[in-house]
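Grab a pencil and work through these exercises with the model open beside you. Each task comes with a worked solution, so try it yourself before reading on.

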Amino acid sequence: MILLPEKWQKLLSSSGNMVLLLLLSTLAFDVSCTQAFLENGNKIKSRTFQSPEFMLGPGSVESNMYYDIDFPRGHIALKSFNAEVVDQAGNPVPLYETYFHHWLVGKYYERRPSDRNFSRNSGLCQGQILGQYFGLGSETRKTATHIPDPFGVEIGNPDEIPEGYQEKWYLVVHAIETRGVEDRLGCIECRCDLYNVTNDEDGNPIKPDYKGGLQCCYGQTRCKVSQGFQGGKRSLSLRYTAKWIDWDSSAIPVEILMLDVTDTGKRLHGLTGISPENGCQVEYEVESCSATKATRNGCVDIKRTSLTMPTGGYVIYAVAHQHVGGIGSTLYGQDGNIICTSKPIYGNGNEAGNEDGYIVGMSTCYPEPGSVKITAGENLTLESNYNSTNKHTGVMGLFYIYIAKQVPNMTLSPPCSEAWKH
């Protein structure tokens, strides 16, 4: 028997059967929400892992790729993936000490270390450029990554693993130690003059008009440290938590697409790397606005590109990735309607996860499943906006979208905990 609150009893006595019907419907919804939550909650598994340790001293850079990392195994549906930099004692490290430029997690199949076949997401970029399945940067602590039920990223499907190979996962960590540096913003924007480099990681000369970005802050480089600063090396690592459920017939797989606002749309046959005429450039510069521009558009740098979708489906999740100076990114459908707008969350304190002036999170989009559909061949427009009061180097305008080929007949969305807020 369900005992109703007194105020509902009074409402029923005065408003008749229609109110009773609505009330019972609401109660049914509440019960179904609770049952769904409990069933899904009972299935979800979670485990926290730690990367190999790396040593960083003032101004130094960690940029490394680790193979065969600890990762959930079996035929499963990944539900979320979160990460942060911690010290040797397991304490979160703030961004103003160690700037988390980015971390990437991707999949490959291995027969032996010399025989690896890399898999990639379903995005548009060439080769393995932006081919990761998961990855964020400084925003990682306050960016939601959960995938709503009944959706998930399917991994470990034995039918997809080539015979004789094992499915394995790699991790890329790019972190910059800014303790004691002369110019923190310049260091995290990888300004070449502060790193005193003239060649990139592969030994190729850096072009004179390239002022900052990934070509200048690779592993073993060092950003300029203030004269007289004394600080030793310390051991750090990436702590990451994955949540998943065992795969079953009720799970619906999502495809991950990574989009890049610098994508030229050109694909040069046989070339899979980054070049000015080939596909995704990954990063770009924001020039400082002139007084005239400031009057006209408020010193906002707007970069857009048109992208033809290779596949279609219903949008389940979307989020952008930007650097300091970013003020938001929007993905538009061919009809001009907004698919998702993702905006940065800036910190205003000293504690890890709320560092003043840093992007500590990005807002996410969870459309009601079935409400936003992208079709194969559709031309989308990606827009990335930055404050251009000052020049910024090595900025990014990336966008993750997760799409599903189908949605369930009945989907509780938003999640039950959110439904009662509206």
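**Exercise 1.** Which residues make a nonpolar surface patch of about 240 Å²?

Solution. Keep in mind that you're looking at a predicted model. Step one: the patch is made by Met-65, Tyr-67 and Phe-118. Step two: place one of them, Met-65, which sits in strand E3 (residues 61–66). Step three: check the exposure of Met-65. Its relative accessible area is 32%, so Met-65 counts as partly exposed, and a patch residue needs over 30%.

**Exercise 2.** How much of the model can you lean on, judging by pLDDT?

Solution. Start with the overall picture: the mean pLDDT is 87, and 84% of the residues reach 70 or more. Now look at residues 1–42, where pLDDT is below 50 and the model has 21 contacts beyond near neighbours in sequence. Then go to residues 410–422: pLDDT stays under 50 there too, with 15 contacts beyond four places in sequence.

**Exercise 3.** Describe the protein in overall numbers.

Solution. Count elements to begin with: there are six helices and 23 strands. Next comes burial, where 49% of the 422 residues count as buried. For the surface, about 20,600 Å² is exposed, and carbon and sulfur atoms supply 51% of that. Finally, take the contacts with a separation of 6 or more: 78% of them are between residues 24 or more positions apart.

**Exercise 4.** Is strand E5 (residues 98–112) largely enclosed or largely open? Work out its pairing partners as well.

Solution. Burial goes first: 13 of the 15 residues of E5 are buried, so the rest of the structure largely encloses this strand. Now go through the partners:

- Strand E9 (residues 166–177) runs antiparallel to E5, and 12 bridges join the two. To see one of the pairs, find Thr-98 and its bridge partner Glu-177 in E9.
- Strand E7 (residues 134–136) is also antiparallel to E5, with three bridges. Here Leu-104 stands opposite Gly-135.
- Strand E6 (residues 115–118) pairs with E5 in the antiparallel sense over four bridges, and Tyr-109 has Asn-117 as its bridge partner in E6. A hairpin of two residues connects E5 to E6.

**Exercise 5.** Where do Glu-167 and Lys-107 lie, and how far apart are they in sequence?

Solution. Begin with the contact itself: the two side chains meet in a salt bridge, 3.9 Å from N to O. Glu-167 belongs to strand E9 and Lys-107 to strand E5, so the pair ties together parts that are 60 residues apart in sequence. Then check burial: Glu-167 is buried, and so is Lys-107.

**Exercise 6.** What is the closest N to O distance between Lys-405 and Glu-255? Compare that pair's surroundings with those of Arg-73 and Asp-68.

Solution. The structure holds 22 salt bridges. Lys-405 and Glu-255 form one, with their closest N and O atoms 3.5 Å apart. This pair links distant parts of the chain, 150 residues apart: Lys-405 is in the loop between strand E23 (398–404) and helix H6 (416–419), and Glu-255 is in strand E11 (residues 252–260). Lys-405 is exposed at 55% relative accessible area, whereas Glu-255, at 23%, is partly exposed.

Now the other pair. Arg-73 and Asp-68 meet in a salt bridge of 3.4 Å, N to O. Arg-73 is partly exposed at 44%, and Asp-68 is partly exposed at 38%. Last step, follow the shared partners: salt bridges join Asp-68, Arg-73, Glu-110, Arg-116 and Lys-168 into one network.

Note on methods:
Residues numbered from 1 in each chain as written. Predicted model: local features only at pLDDT ≥ 70, side-chain atom pairs only at ≥ 80, totals over all residues. Heavy atoms only, no water. Patch = residues over 30% accessible without salt bridge, like charges linked within 9 Å, V, L, I, M, F, W, Y side chains within 5 Å. Areas by Shrake-Rupley, 256 points an atom, 1.4 Å probe, with all protein chains shown as cover. Salt bridge = Lys/Arg side-chain N within 4 Å of Asp/Glu carboxyl O. Buried < 20%, exposed > 50% of the residue type's maximum accessible area, 1.4 Å probe, protein only. Pairing = 2+ DSSP bridges. Contact = heavy atoms within 4.5 Å. pLDDT = per-residue confidence, 0-100.
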